[in-house]
Amino acid sequence: MSTLQIPGVYTEQGLKTEDLVVNIGPQHPSTHGVLRLITTLNGEVVKDMVPVIGYLHRSKEKMAESRSYFQYQPTIDRVEYLSSFFDHSVFVSGIESIAKLKVPKRVKYIRMITMELNRISSHLLWFGTFLLDLGATSTLFYAFREREEIFKLFEDLTGARMMYNYYRFGGVNADLPVGWIEQCREFVQSFPAKIDEYETIVTKNPIFLDRTVGIGLLDFDTCMRYGVTGPSIRATGIPMDLRKDAPYLCYDEVKFDVPVGTHGDVFDRYLVRMAEMRESVKIILQCLDQIPGGDTANVIAKTKEVEAAKEAAKAAGEDPKAVPGVDPDWLSVGQKINLLTYKPPAGEVYHVCESPRGMLGCHMISDGTAKAYRVKWRGASFSNLSVLPELMIGKLYPDLMAIFGSLDVILPEVDR
Amino acid sequence: METPENDIQKAAIPEAPVNASPETAAKAPVAADIPSEPEVPATPVIPAGVFGSALAGAGLTVENLGNDVIGTEMVRTTVDDLLKVAAFLKDKQGFDLLLSCTGIDWKDRLESVYFLYSTTKHVYLSLRVNAVDDHSPSVYPIWNAADWHERETYDLFGIQYDGHPNLIRILMPDDWLGHPLRKDYKLNDPRLVWNER
């Protein structure tokens, strides 16, 4: 040891040491958005971490108070752009519950199909970028290959690839295009083979296992304390899934399993998401079989038949209203309302659904005017991100991107 | 923009006192009490729900607000009893997950709303408390998830959560003026222009 002693902290070997504050972000490729992490490091070990959010705050909740419900609807897509069908679902079903609007069963099935496809596309993007964070570039192209097919289906259906704005109060914007169900079935049936392909590349890869097994352990109690939900909590071994626990839409009419992990580490979260995609495939295939009316060609043919029968009744001098119409469950809109001036009655509702990231909630208060009195979004990412310091403190800095990536945080949903 | 809401309020308020018809006025001071009596059935007593009656049974202050349109029970307590109610709900009623905390500006008062979920019973509960002078106790000791959610409510509504470990702004910049989700927040305040601050 040298005789010159500068005041400070010394290691056992007599080396002077000090904590290093590293500012990660707000612009950083691995943060999938604009997140800033003020990290205090002792060598490679994280001593403290303070997430700073709010860079993407676009005042979605304030905007709801100055727009009519229909005008507000397109902006919901931007709350969480990777799975915006879910945001639309909770918002639209909130209005439907307040106003007690009729929702045909066909609409519920269309919503389930689109939401599960959206879950697959969201998990695919997670899969690609998560491995990109770990340094594996090639999986991104595999994931985007299938994601593109889903986007093609969505584009046929809604006209948009990401910002769908497809659901309406009491229905959907337009019925499925003719032949869409077959296209969708074709894709969904071919998809499990693609998941096998991903798993062949990744699941037993020793480099991947080294980076993920036993890293970022999260137990059930910690999840409860921080409000972590979604695949992260299921990876701890607790089958907590709202689609099973408190079924909404027609989830009680389809059979599926809730995949769970065992240890709650990064690797388990990966396995849970991969298994969830397979379960989504099961759900979609059942929905495609069970959807009332089947392909839209059937619905159109039936509508024409009814119209012809009414014409015939009119010609015969009978009351055309006596002719039985199309089954109300076959319609794509339950009840026609003027969307631009629509005023739901006063009421309050809190709708929650199981989004790809966890429990997504929308709290809505209507005072009987055309604008909402209050809209509150509960994004799953908000709570999921808050657990990051707890997971990181005392752990190695190089594991940060593996752990953060495995939580699947979407920053626009955090900041809203 | 504000007129329809104001009209509703103005229409609702003056109803009660304007009942002094010549007949009742002749009956002198006793008559002054009469108009107030028929008003009691006008505000129907909301029956206590499952958790409302459980809370009342434990001797805690609780006001039943009925159910929302999909059947979620809503109860309101006071700032004095909030922590006891929260602990009771978590330990005895199994509400282990705090989904979100938010605020509502009712123009005459600020209300905090906690949404709770029970992972064993699969039910939701909306727990409310009216802030007193913009102050309310923090439920951070009961549910740590309240940390960020209460910071957000403080940021956007200005409700001060006493006992919160780190009550600073979370979504808005640290030097932001005012609390944006309040109904009296001015959107065109010139002080809010970034470059001039």
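## A friendly first look at chains A and B

Arg185(A) counts as buried, at 17% relative accessibility; buried here stands for under 20% relative accessible area, exposed for over 50% and partly exposed for anything in between, with a 1.4 Å probe and protein chains only. The place of Arg185(A) is helix α6 (residues 180-202) of chain A, where helices are DSSP runs of H or I with at least four residues, strands are runs of E with at least two, and both are numbered from the N terminus. Apart from its neighbours within four places in sequence, Arg185(A) is in contact with Leu285(A), Leu288(A) and Asp289(A), contact being heavy atoms within 4.5 Å.

The model is predicted: local features need pLDDT of at least 70, side-chain atom pairs count only at pLDDT 80 or more, and totals for chains, interfaces and linings use all residues. Residues are numbered from 1 along each chain as its sequence is written, chains are lettered from A and ligands numbered from 1 in the order in which they are written, and side-chain values use heavy atoms, with hydrogens and water left out.

How confident is the predictor? For the complex it gives an ipTM of 0.83 and a pTM of 0.83. Chain A has a mean pLDDT of 87, with 99% of its residues at 70 or more; pLDDT is the predictor's confidence in each residue, from 0 to 100. Among the elements of chain A, helix α11 (residues 266-290) has the highest mean pLDDT, 91, and strand β4 (residues 27-28) the lowest, 76. Chain B averages 75, and 73% of its residues score at least 70. Over residues 1-32 of chain B, pLDDT stays under 50, and the model has eight contacts beyond four places in sequence for them. Where pLDDT is low, the predicted coordinates should not be read in detail.

Now to helix α4 of chain A, which holds Tyr109(A). Leaving out residues up to four places away in sequence, Tyr109(A) touches Cys250(A), Glu253(A), Cys287(A), Gln290(A), Ile291(A) and Pro292(A). Its C-alpha atom is 8.1 Å from that of Leu288(A), although the two residues are 179 apart along the chain.

The table lists some buried residues.

| Residue | Relative accessible area |
|---|---|
| Tyr109(A) | 1% |
| Cys250(A) | 3% |
| Cys353(A) | 1% |

How many disulfides does the structure have? A search of the whole structure finds zero over all chains, a disulfide being a pair of cysteine sulfur atoms within 2.5 Å. For Cys250(A), the nearest cysteine sulfur belongs to Cys287(A), 8.0 Å away. The sulfur of Cys353(A) is 10 Å from the closest one, in Cys362(A), and therefore too far for a bond.

Helix α4 (residues 105-134) also meets helix α15 (residues 400-407) of chain A: their axes come within 9 Å and cross at roughly 175 degrees. That makes the two helices roughly antiparallel. Trp126(A), Phe130(A), Asp133(A) and Leu134(A) in α4(A) meet Met401(A), Ala402(A), Gly405(A) and Ser406(A) in α15(A). Eight of the eight residues of α15(A) are buried, among them Leu400(A), Ile403(A) and Phe404(A). After α15(A) comes Asp408(A), with a positive phi near 55 degrees.

Note on methods. Axes fitted to C-alpha atoms, helices over the stretch in contact; angles between N-to-C directions. Parallel < 35°, antiparallel > 145°, perpendicular 65-115°, else oblique.
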